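Welcome to a short set of exercises. Have a look at the chain below, try each task yourself, and then follow the solution step by step.

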Amino acid sequence: MRKSYRKILVIGSGPIKIGEAAEFDYSGSQALKALREEGIKSVIMNPNVATVQTTHTMADRVYLLPLRREFAEKVILEEKPDGVMFGFGGQSALNLGYDMYKSGFLKKHGVDILGTHMEGINDALSRSAFHRLMEKRGIPVPPSGSAKNMKEALRKAKEIGYPVMMRVSFNLGGRGSFVAGSEEKLAPELDRAFAQSKVSEVLIEKYLDGWKELEYEIVRDADGNSAAVACLENLDPMGVHTGESTVVAPQQTLDNQEYQEMRSVAIRVAESIGLVGECNVQFALDMRSRQYYVIETNPRMSRSSALASKVTGYPIAYVSAKIALGYRIYEIRNSVSKATNAFFEPSLDYITVKVPRWDLGKFERVDQGLSSEMKSIGEVMAIGRSFIEALDKAVGMLDIGEQGLCSGRMWVSGIGRKEALKAIRERKPYWFLYAAKAFKEGASVDDVWKASKVDKFFLKQIFDRVKLADQGWKKSGNFAIKRIDTLAGEAPADANYLYTTSEAIKSDIKPSDGKKLLILGAGCFRIGVSVEFDYSAVNLAAYAKKHFSEVSMLNYNPETVSTDWNVVDRLYFDSIATQTVSSILEKGRGDAQVAVFAAGQIGNSISSGLAGAGVKLFGHSYAAIDACEDRNRFSAMLERLGISQPEWASATSRKEIMRFAESVGFPILVRPSYVLSGSAMSIANNLEELERCVRNAARLSAKHPVILSRYIGNSIETEMDCVTDGKGVYGITLQHVEEAGVHSGDSTMFTPNGLGKGAYSKMKGTALALSNELGSKGPFNIQFVVEKEVPKVIELNMRCSRSMPFSSKSVGKDIMNVAVDAIASGLGRNGFYEPHHASYAVKSPQFSWTQLRGAYPALGPEMRSTGESAALGSSFDDALLKSWMGVQPNFIAPNGSAAILYSRNPGAEIILAAEKLSKWFDVKTIHEGALKSFESISQEKAVEMMRLHKAGLVVTEGSHMGFDYIVRRGAADLNVPLVLNGRLGLAIATAMERKGFGTESLECLEMSEYW
């Protein structure tokens, strides 16, 4: 019998990080939808300001607070929920839930844990408890042993026999895991592994080299009714994290006996932990002996479950939320198929392929090989009528300069057979591109199998595709639009979930009448394009329904809310390309408008092709977009209008480069056109560096100019998130804590700004003048560097910005709503208008240094953060500290802990920060970058203090890899808060001092209470 709930608290996953990304925005949003359907009041706690779920359209109450017990307890005392859901916020939410369960707080206040009970979660996440449970139930698991310290780990590894796999309990993204072939390889990594475990426990497991990895997605209700929603087959073998692997679904290489046997075991695993909701169960399978082992289970919504939802059209998170509320699985309707209940296991008439994307080129010294520790930042999913069609489409979706397996940079490169096979053996990203190249250069299927251990079934299909390409075959340019069918012919398929294929003749959709809008999503997430663009796309779809009879979405990112079939009238899960858009418009009657401005850079990049094809853009014209994206044209326009900008020149020749360098001196900023996240943007300090930077930028932006600008250091960087109707401008001004030279995505931002009236007034006038000159309509972002109270324009992005959700939530007015009205009917005002700020808002960057094994943590003009945390407060200090603590692994260490501050060229800010922090911390400094008046220690001693949990903060500045690599890397590996900028260090130190070096005085108010 279902219990009646009045109000439920849902815990989110915090800022986007490697291993915990937009899939949890999707999962949490589905849970909130389920609660709203039941008439239950919902509360969301999540500091991720960029998500759809942290809005009042999704939740009744929103708390932008760090995922820490002290804040969650305050929310519960204020809101008095009678239930809480921890299963929709990744490992971060589960860890918080486990803390609250163990403390007894939830029981004391009568708050039910909905879904799987915490005892079952502990059995699943504790490696030792899980293996004991599986052995007790007679379920096969690999030979293994758990350890709580280094001595025990080394002994267990010796007993099991090398090579071994190291796994970490209560963890995500494979953090801290690795394969070791000897004690010499194992011992140095153990400190890092233990540091990544919430319960200081690791599992040493026999390494199953070359075994196949599979995942079953299981849903189960409280009565034990279970369904296997999907079986996902990893092409990469064991030893490569599932988040790093190319995945195909439905599985392709199991016979029915193997499939059914492992399906039954997966259901038994779910039963053994008392699952109520969803879990995924991972298997290792030896294709030669047919022996299999259960590796692990995640008793929550996972990355794989979000993927499985989009693979199958089965809304797993929604169903799990309903089950958590007490529904039986057969009582829940499948909202996609509309013809079945949730007890019906999908059967697909198509094939999907998921491929991850990496941004490792942005990081110095990062380990480039794929392993058990996840490094990918995003993923694409392609739908096709065959495996090879889906894989070929997925390659083009990655946006890495490859149009398919047999077209692009790799295909025409000078890489030979031996070099390609070597890259495959070293597990370099995108092995399938190296495989195609190896086949082109004469390698056999056996050659590539020995290097990759990828099943020959898949390699043979890539081999055949290469042979066709060698013979001059090209895929058809004709597309049919198909509807996903998961019902195996048992009922008519009537989903609004669509894809294109060149392997079919007849389309499943009919042309429609009325006023139509097609919205382009942001595609594959990468550094610089993340959930904030999904927020913009989803809100654009919602507000556009006021003006259009049919709103559709084109996107191929399986993690997102925008690829939820409930968001739009038609979801096209396919490539964001001119050809795809043209095909969709043709099949659907080609009079629709297309919105590109919510799609990040990919929308602006294809606007030229769309304009050339006669597509009508909703909002900004292509002429306005190009005038801003082409850095040469934009700088010339500023010059013509008399608007201040840093001195600039176009890098058209070596002579021009030298002349500019002689004119302005170093350092010089190099900026390519039509890019985002500062890709290939760099600061050159001498002529040799300058020429190298220009070459890199030119390769990335071959069709567009590279611009040189005088770098203005020690200044203030600001920006405005705006909307224009071509006459007036609505805008919100943001100021950066860090000086110019740190990418805006890596900067700590705040509003309202602290600028002088003169500078602020000039910025407003400039935004208005440029929007009027361009005659544009829609959202834009303009960035300035303020030098001696004079604002100079850096760039203008004629699209939604990364900071737009933050700007919107800082004042309680969604900018996308304003933008739709501005385009459709105008703003109704001239001049520049900024809404009233009733409180402070601060946004902090989330870096994923820990996941990026070996990477040197540093800030610069190229973006490296993966997500963001934000908070509102009645003071800047309050908002800053909550925002900063919302980023993992930041916290305020206990009184007397050590803080390590140092700098090669210390500015006044870091010295003052040390003085303030010394009131709470035992401040140490480093020999080579010593600050006066503080005890100086060696770098090795600093790392040792971190290892022993005696150091709780590191503050430094600049980039000095040859000097302090082991300190910065030590902080990243051992989960010690790391501040990489002196100005930010001072701001945090000041805030800690004013707030009493604790969390007791920090506010815990609902978001709307700050407006």
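**Exercise 1.** Is Thr 766 buried or exposed?

*Solution.* Keep in mind throughout that this is a predicted model. Start by finding Thr 766, which sits in helix 26. Next, take its relative accessibility, 12%. The cut-off for buried is under 20%, so Thr 766 counts as buried. Finally, look at its surroundings: leaving out residues up to four places away in sequence, Thr 766 touches Ile 643, Ile 782, Phe 784 and Val 793.

**Exercise 2.** Describe the surroundings of two loop residues, Thr 560 and Pro 237.

*Solution.* Begin with Thr 560, in the loop that runs between strand 22 (550–555) and strand 23 (570–573). Its relative accessible area is 1%, so Thr 560 is buried. Now list its partners, again without residues up to four places away in sequence: they are Tyr 26, Lys 310, Phe 525, Asp 534 and Asn 555. A distance completes the picture: Val 52 is 508 residues away from Thr 560 in sequence, and their C-alpha atoms are 9.5 Å apart.

Turn to Pro 237, in the loop between strand 11 (226–234) and strand 12 (247–249). Pro 237 also has a relative accessibility of 1% and counts as buried. Setting aside neighbours within four places in sequence, its contacts are Gly 210, Trp 211, Arg 427, Ser 452 and Lys 453. For Pro 237 and Lys 950, 713 residues apart along the chain, the C-alpha separation is 40 Å.

**Exercise 3.** Explain why helix 13 can be called largely enclosed by the rest of the structure.

*Solution.* First, mark out the helix, residues 387–397. Second, pick out its buried residues: Phe 387, Ile 388, Glu 389, Ala 390, Leu 391, Asp 392, Lys 393, Ala 394, Val 395 and Met 397. Third, draw the conclusion: ten of the eleven residues are buried, so helix 13 is largely enclosed by the rest of the structure. As a last step, look just beyond the helix, where Asp 399 follows with a positive phi near 60°.

**Exercise 4.** Find backbone features worth a second look, given that most residues other than glycine have a negative phi and most peptide bonds are trans.

*Solution.* Take the peptide bonds to begin with. Tyr 162 and Pro 163 are joined by a cis bond, with omega about 0°. Pro 163 belongs to the loop between helix 7 (150–160) and strand 7 (164–168). Another cis bond leads from Thr 751 to Pro 752, where omega is near 0°. Pro 752 is placed in the loop between strand 32 (749–751) and helix 26 (757–774).

Then check phi. Ser 933 is not a glycine, yet its phi is positive, at about 80°. This residue is in the loop between strand 39 (922–926) and strand 40 (935–937), and its relative accessibility of 75% makes it exposed. His 949, likewise not a glycine, has a positive phi of about 60°. His 949 is in the loop between helix 31 (939–947) and strand 41 (951–955), and is exposed at 67% relative accessible area.

**Exercise 5.** How do helix 29 and helix 33 cross?

*Solution.* Two packed helices are described by the angle between their axes and the distance between the axes. Here the axes of helix 29 (residues 876–885) and helix 33 (residues 982–994) come within 9 Å and cross at roughly 115°. That makes helix 29 roughly perpendicular to helix 33. The crossing is left-handed. From helix 29, Asp 877, Leu 880, Leu 881 and Trp 884 meet Ala 987, Ile 988, Ala 991, Met 992 and Arg 994 of helix 33. Sorted by type, the residues of this contact are seven nonpolar, no polar and two charged.

**Exercise 6.** Which residues have the most contacts inside the largest nonpolar core?

*Solution.* The core has 225 residues, and those with the most contacts inside it are Met 85, Phe 432, Leu 520 and Val 594. Its largest share, eight residues, comes from helix 16 (residues 431–440). Now zoom in on Phe 432: not counting residues up to four places away in sequence, Phe 432 touches Thr 246, Val 355, Val 395, Leu 398, Leu 405 and Ile 462. One of these partners, Val 395, is among the buried residues of helix 13. To finish, note a second, separate core of 58 residues, including Met 100, Val 111, Val 923 and Val 955.

Key. Residues are numbered from 1 along each chain as its sequence is written. This is a predicted model: local features need pLDDT of at least 70, side-chain atom pairs count only at pLDDT 80 or more; totals for chains, interfaces and linings use all residues. Side-chain values use heavy atoms; hydrogens and water are left out. Buried means under 20% relative accessible area, exposed over 50%, partly exposed in between (1.4 Å probe, protein chains only). Helices (H or I, at least four residues) and strands (E, at least two) are DSSP runs, numbered from the N terminus. Axes are lines fitted to C-alpha atoms, for helices over the stretch in contact, and angles run from 0 to 180 degrees between N-to-C directions. Angles under 35 degrees count as roughly parallel, over 145 as roughly antiparallel, 65 to 115 as roughly perpendicular and the rest as oblique. A crossing is left-handed if the near helix is turned anticlockwise from the far one by less than a right angle, and right-handed if clockwise. Contact means heavy atoms within 4.5 Å. Ala, Val, Leu, Ile, Met, Phe, Trp, Tyr, Cys and Pro count as nonpolar, Asp, Glu, Lys and Arg as charged, and the others, Gly among them, as polar. A nonpolar core is a set of buried Ala, Val, Leu, Ile, Met, Phe, Trp, Tyr and Cys residues joined through side-chain atoms within 4.5 Å.
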